[in-house]
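Reader: I would like a close look at one part of this model, the place where the two chains meet. Please take me through it slowly, element by element.

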2 protein chains.
Amino acid sequence: MRKVAILGIGQTKVDEHWDLSLREIGGNAAFAAMQDAGMEKVDALFVGNMLSPLVSAQNQLGTFFSDWIGLWGREAVKVEAACGSGAAALRAGLMAVAAGDVESALVVGVEKMTDKAGRDVTAALATAADADYEVEQGISFVGINALVMRRYMHEYGWKHEDFAPFSINAHANAMHNPFARLHEKITVEKFEKSSMVATPINLLDASPIGDGAAAAIIVPADKVVSVPGRPRITVAGSASATDSIAVHSRKDPLFLSAAYQSAKRAYEMAGVGPEDIDVFELHDAFSIMSALSLEACGFAERGQGVRLGLDNEISPTGRVPVCTRGGLKARGHPVGATGMYQVVEVVQQLRGECNGTQVDGATIGMAQNIGGSGATILTHVLKAE
Amino acid sequence: MRKVAILGIGQTKVDEHWDLSLREIGGNAAFAAMQDAGMEKVDALFVGNMLSPLVSAQNQLGTFFSDWIGLWGREAVKVEAACGSGAAALRAGLMAVAAGDVESALVVGVEKMTDKAGRDVTAALATAADADYEVEQGISFVGINALVMRRYMHEYGWKHEDFAPFSINAHANAMHNPFARLHEKITVEKFEKSSMVATPINLLDASPIGDGAAAAIIVPADKVVSVPGRPRITVAGSASATDSIAVHSRKDPLFLSAAYQSAKRAYEMAGVGPEDIDVFELHDAFSIMSALSLEACGFAERGQGVRLGLDNEISPTGRVPVCTRGGLKARGHPVGATGMYQVVEVVQQLRGECNGTQVDGATIGMAQNIGGSGATILTHVLKAE
């Protein structure tokens, strides 16, 4: 496999963009990435998106965007893996460049969610779960995560407030990210008093949805002309793994086996271990998922992911900095775009562009994107060289 | 790029499968392909599907199927390019194997469409068009194709009955294909008297929808152990190209520029030209598309695609055999599955398994899958070696 590098990145603010169309949101991130890479054309386009058929009555999003961006004649395709769609699109782009089929690929994760009423979006998000065996019973996607969180608290004896550091860290970091949806510091008191969504998940355990897009340009690593002051960012590891789609079918609902397997393969490919990761953009759709990701990826023992937050290890100056740009919790979670926001944010860290939350001397970063309640998990390890 | 071969194929009958779930339809084709390849496990799964979010309230179809098939831990992802989703999934699988990321990939094109009322399916199919600039005006997907057909007839002077040979050939060939939805010979009289759908497209110009799945196992070509009496089938050429998503934005609405470009690149990759193609499974969603595909791929001059049918060149014994297993018109068009049906059928021809419609001595075959009204077009050239 040819080694691949990320040459340019772009993103839009996560927000309720009622004044921007789906085209414009995705296009703005794409154009920003092309400008950042100094490229006017690319050979192929890979779009990550989950909800456009349901929210915008629009399919064929690859060509929808290649048309808007002006890439007529080139290949364009959409990749979908629920909330893991962004990183799944990145992998599709990586494979095309790594195989030598194209010399450059634009990857865009994009989602427009806030045009619909809340209950419609809740129903649309539930398509990430098993329609026949989970959703048919009347459970929402938050409800599924609530069952997992409740079980974790029961099994390991943690209280709800023990999860507070994940959300507090995310909100504090987002204060320094102009692209984040929420700019509001929170406290343990606020966390505990927040409105209940699905017991024990309250509003400050859950990430907000939003409209947004993030994009990257990938090219063969040996084609990167060094830019003064900007390191070359290579994709050192990339892997995707799956578990059963319904939580109840898993051997252990508290272990993200797909996170374990995709991280293991990405670590091996990159020749690193968890101890080498300087920054970790994890998928904190709900605070419980932060704990489970940290455990599955080797940063904490089983049942002890919460401890990293309580011990103040997850801040930008801690041992395992996570969600340094706000994470899903405060940057926001435009579902099919999230995986690309994570990658863009790791690149920003490795370039040293994260004023206020910069991890000192960060050279190896990891992004982990989750589709469904742990069903599809994609892990990427990036290196600054 | 590593050379890639198709080791196994599988398919289900295209029909109204009200007794089978989405899982079972896709699973049955997948299991058939694995059995045909003599494999019990594969490294990765790529699923082509267009409508499951809208028809089955189910997203994340990659993992949905890897779970059902028993591929826990492996990579799985869905690829969508409207009616071109099947071939788009094949390309994603090809890239993963060609890049050396995996040693085997299962590609499944699957669609379950008949559980919904006709008007809901019509609305769902319209998501292949431009929601903002085409569908918003009230036009259906058939309506868009009807405008193209009317213009073609006006521009080149053809009558409606001149398109009859495409449908008559497809229906005649489907008589020999047990997986085809329609087993009914038609005549010019029947063709002309058929119910109108959207002038000038009548019921016998249009392909029927259906539930179905088709699958293939792809592996590195050098890993294929020769089976007596069965040639090695390699993917000699593979390319995808796009045009504007809305027909009205195209420079020439009667020229499938994406077909021209993807065929050109696939020919070059395979080192062949149209004169070398022994069998061509084209995307006859509507009879007009057969004419336009034949022209764009170099089998006929502009405006003369219809002539190939009138001159009896398109039957299995003709110069350019098309739709030898019934095509979209009579095998049926389960949209996201169609591209994989075409590939499976070309493999059957190259293996010599098409009793009744076998093209004598076929060694090079082509499949062309179209997403939208010519927006995304994928071309694959297969060779028997």
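In strand 3 of chain B, which residue is the bridge partner of V79(A)?

Author: The model is a predicted one, and within it the bridge partner of V79(A) in strand 3 of chain B is V79(B). That pairing belongs to a set of 3 bridges that join strand 3 of chain A to strand 3 of chain B, residues 75-80, and the two strands run antiparallel.

The strands are one part of a wider contact, to which chain A gives 50 residues and chain B gives 50 residues. On the side of chain A that touches chain B, at least two residues each come from helix 2 (52-55), helix 3 (61-69), strand 3 (75-80), helix 4 (85-99) and strand 8 (233-242) of chain A. Sorted by class, this side of chain A holds 24 nonpolar, 18 polar and 8 charged residues.

The way the chains are placed can be stated as a single operation: chain A is superposed on chain B by a rotation of 180° with 0.0 Å of shift along its axis, and the RMSD is 0.0 Å. This is the relation of a two-fold axis. The same surface serves both copies, since 100% of the contact residues of chain A recur in chain B. Among the residues of chain A, the one that comes closest to the rotation axis is A99(A), whose C-alpha lies at 1.9 Å.

A99(A) also leads to the next element, for it is one of the residues of helix 4 of chain A that meet helix 4 of chain B. The axes of these two helices, the second of which spans residues 85-99 of chain B, come within 8 Å and cross at roughly 50°. An angle of 65 to 115 degrees would count as roughly perpendicular and one under 35 degrees as roughly parallel; helix 4 of chain A and helix 4 of chain B are therefore oblique to each other. Their crossing is left-handed. From chain A the residues that take part are A92(A), M95(A), A96(A), A98(A) and A99(A), and those they meet in helix 4 of chain B are A92(B), M95(B), A96(B), A98(B) and A99(B). The residues of this contact divide into 10 nonpolar, no polar and no charged.

Helix 4 of chain A has a further partner within its own chain, namely helix 13 of chain A, residues 335-351, against which it packs at an angle of about 65° with the axes 5 Å apart. Helix 4 and helix 13 of chain A are therefore roughly perpendicular to each other. Here the residues supplied by helix 4 of chain A are S85(A), G86(A), A87(A) and L90(A), which meet G336(A), A337(A), T338(A), G339(A), M340(A) and V343(A) in helix 13 of chain A. By class, the residues of this contact between helix 4 and helix 13 of chain A divide into 5 nonpolar, 5 polar and no charged.

Some details of the backbone can be added to this picture. In chain A the peptide bond from T199(A) to P200(A) is cis, with omega near 5°, and P200(A) lies in the loop between strand 5 (196-198) and strand 6 (201-202) of chain A. In chain B, a cis peptide bond joins T199(B) and P200(B), with omega about 5°, and P200(B) lies in the loop between strand 5 (196-198) and strand 6 (201-202) of chain B. Finally, C323(A), although it is not a glycine, has a positive phi of about 50°; C323(A) lies in the loop between helix 11 (305-310) and helix 12 (327-331) of chain A.

How values were computed: Residues numbered from 1 in each chain as written. Chains lettered and ligands numbered in written order. Predicted model: local features only at pLDDT ≥ 70, side-chain atom pairs only at ≥ 80, totals over all residues. Contact = placed C-beta atoms within 7 Å. Helix = DSSP H or I, 4+ residues; strand = E, 2+ residues; numbered from the N terminus. Nonpolar A, V, L, I, M, F, W, Y, C, P; charged D, E, K, R; others polar. Pairing = 2+ DSSP bridges. Least-squares fit on C-alpha atoms with pLDDT ≥ 70 in both. Axes fitted to C-alpha atoms, helices over the stretch in contact; angles between N-to-C directions. Parallel < 35°, antiparallel > 145°, perpendicular 65-115°, else oblique. Left-handed = near helix turned anticlockwise from the far one by under 90°.
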